[in-house]
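Please open the model in your viewer and keep the sequence panel beside it, since this tour moves from one selection to the next. At each stop you will be told what to select and what is there.

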Amino acid sequence: MAGGGGTSSSHELSGRLEGILADREEPWARRAAMAAVIELRLLAPIAAPAVVVYVLNNVLSISTQIFCGHLGNLELAASSLGNNGIQVFAYGLMLGMGSAVETLCGQAYGAHRYDMLGIYLQRATILLMATGVPLAILYAFSRPLLIFLGQSPDIASAAAIFVYGLIPQIFAYAANFPIQKFLQAQSIVAPSAYISAAALVLHIALGWVAVYGLGMGLLGASLVLSLSWWVIVGAQLVYIVSSERCRRTWTGLSCRAFSGLPEFLKLSMASAVMLCLESWYFQILILIAGLLDNPQLALDSLTVCMTLAGWVFMISIGFNAAASVRVGNELGAGHPRAAAFSVVVVTALSFVITLAMAVVFLVFRDYISYIFTEGETVARAVSDLCPLLAATLILNGIQPVLSGVAVGCGWQKLVAYINVGCYYFVGIPLGVLLGFKFHLGAKGIWTGMLGGTCMQTIILFWITFRTDWNKEVEEARKRLNQWEDKKQPLLLPTD
């Protein structure tokens, strides 16, 4: 029996999907159409709410930067450097370590091992909370660190004030990402969307009061952002403990969460390296731009473009989560054809949506910067960068989904090597060369780094296209056996 509402139907639909794809008697087009309908029924409850969750959570940061931007250009640059140069370090690390939960929970859920999901959640939370301690120390020394990296002392000092208020957010991340992956693996995403929407309304109200009403400036803006993330964490915990849908997957705190932590840490670090290299990549663009001749204009224009790219990227991240869940569930259930078909459907949907967004930004390229700041000089710089923004959005319609496939399959270590080569041995050096040697400024830096992203996307596409999905089912079987409690038999259905 299922652990909660909707579980039996999702497993039944998954079995029907695999059966349709395996039926060679039906014409290919008819099988594809029928399979697409079933896949969309399985995908929609994950992808749509996940997109909403990631967009709303990103709007928390965007609204904070808007509050800061209307205080002045220095404050906009400082909040950008704090959010995109320092805070993203913790975000990438925590999100990366949390993706280990995504792999294990997704495959365990597909294999009907519901009891292990709560154990994975607790193990990950313990490790991420411990990781948050050295990160908090790093935040405390953000000003000298930014100056050491060559940033302007004025901007570094203002950014440090902003970062101090983000220290509580580190530990909210440590709790949130394992919770998020735990729920996503069970296709429970809509409650998180409602919680994020409520938290955003509260955040905007409190942010306005703190920044303008009480005059707390940068520190007040970042403290409210930290508080909003803890509201999200607390509400999700209440849902998990009280919901009937989590009855089988959450059975309470367990001492088993402290067993196997060194092995779990290794898997988490492999996941962290993969996603950190990815999430930090374009944030390095912000840091490098601070070394240009006119750093404030470069930072302001890039802040607008990267914030918009980050907003659309949240849509792709929602599809990333959906791809990971769908692939992990199907591999755990022993359905290789359904796993492969899910990859095609999710990638196509994400690409179409991001392509449409790229066209919208190109059409309104002369006006979009006024959302963040009233400066005409920044508006012209943003308009000049918009073609690169559009190209980035189109690539981001494909690349994050393929990364989600990698997480669902447990390929984190392989993708980490690909990211190092494409991003840090090609993209960044090429960007520095174009930006400084050829005097193309922010546009040159972005163009070079976009080349690294394009190379990485092509490689991931080729690997996914060449994947032996029957072999991946066997790998999932081995992984679950490794992480399973040895006293309990592993139930893995076979077709």
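Before the first selection, a word on directions: angles under 35 degrees count as roughly parallel, over 145 as roughly antiparallel, 65 to 115 as roughly perpendicular and the rest as oblique. The axes themselves are lines fitted to C-alpha atoms, for helices over the stretch in contact, and the angles run from 0 to 180 degrees between N-to-C directions. Helices (H or I, at least four residues) are DSSP runs, numbered from the N terminus. This is a predicted model, in which local features need pLDDT of at least 70 and side-chain atom pairs count only at pLDDT 80 or more, while totals for chains, interfaces and linings use all residues. Residues are numbered from 1 along each chain as its sequence is written, and side-chain values use heavy atoms, with hydrogens and water left out.

**Stop one: helix 11 and helix 12**

Select residues 295-332, which are helix 11, and then residues 336-363, which are helix 12. The axes of these two helices come within 9 Å and cross at roughly 175°, and helix 11 and helix 12 are therefore roughly antiparallel to each other. Contact means heavy atoms within 4.5 Å, and among the residues that meet here are Trp311, Phe319, Arg326 and Glu330 of helix 11 and Ser342, Val346, Met357 and Phe361 of helix 12. For sorting such residues, Ala, Val, Leu, Ile, Met, Phe, Trp, Tyr, Cys and Pro count as nonpolar, Asp, Glu, Lys and Arg as charged, and the others, Gly among them, as polar. By that sorting, the contact of helix 11 with helix 12 has 16 nonpolar, four polar and two charged residues.

**Stop two: other partners of helix 12**

Keep helix 12 selected and add helix 2, residues 28-69, whose axis comes within 10 Å of that of helix 12 and crosses it at roughly 70°. That makes helix 2 roughly perpendicular to helix 12. On the side of helix 2 the contact includes Ala32, Glu39 and Leu43, and on the side of helix 12 it includes Phe341, Val345 and Leu349. This contact of helix 2 with helix 12 has nine nonpolar, one polar and one charged residues.

Next add helix 14, residues 399-409, which packs against helix 12 at an angle of about 155°, with the axes 9 Å apart. Helix 12 and helix 14 are therefore roughly antiparallel to each other. Val343, Val346, Thr347 and Ser350 of helix 12 make the contact with Val401, Leu402 and Val405 of helix 14, and these residues divide into five nonpolar, two polar and no charged.

**Stop three: the salt bridges**

How many salt bridges does the structure hold? There are four, a salt bridge being a side-chain nitrogen of Lys or Arg within 4 Å of a carboxyl oxygen of Asp or Glu.

Select Arg326 and Glu330, which both lie in helix 11, four residues apart, about one turn of the helix. They form a salt bridge in which the closest N and O atoms are 2.8 Å apart. Are these two residues buried or exposed? Buried means under 20% relative accessible area, exposed over 50%, and partly exposed in between (1.4 Å probe, protein chains only); Arg326 counts as buried at 3%, and Glu330 is buried at 0%.

Now select Asp384 and Lys443, whose closest N and O atoms are 3.0 Å apart in their salt bridge. Asp384 lies in helix 13 (residues 376-396) and Lys443 in helix 16 (residues 441-465), so the pair ties together parts that are 59 residues apart in sequence. Asp384 is partly exposed, with a relative accessible area of 41%, and Lys443 is also partly exposed, at 32%. Returning to the earlier pair, add Glu39 to the selection, as salt bridges that share partners join Glu39, Arg326 and Glu330 into one network.

**Stop four: Trp469**

Finally, select Trp469, which lies in helix 17 (residues 469-483) and is buried, with a relative accessible area of 12%. Trp469 and Ala340 are 129 residues apart in sequence and 6.9 Å apart in space, C-alpha to C-alpha. Leaving aside neighbours within four places in sequence, the residues in contact with Trp469 include Val327, Ala340, Val343 and Val405.
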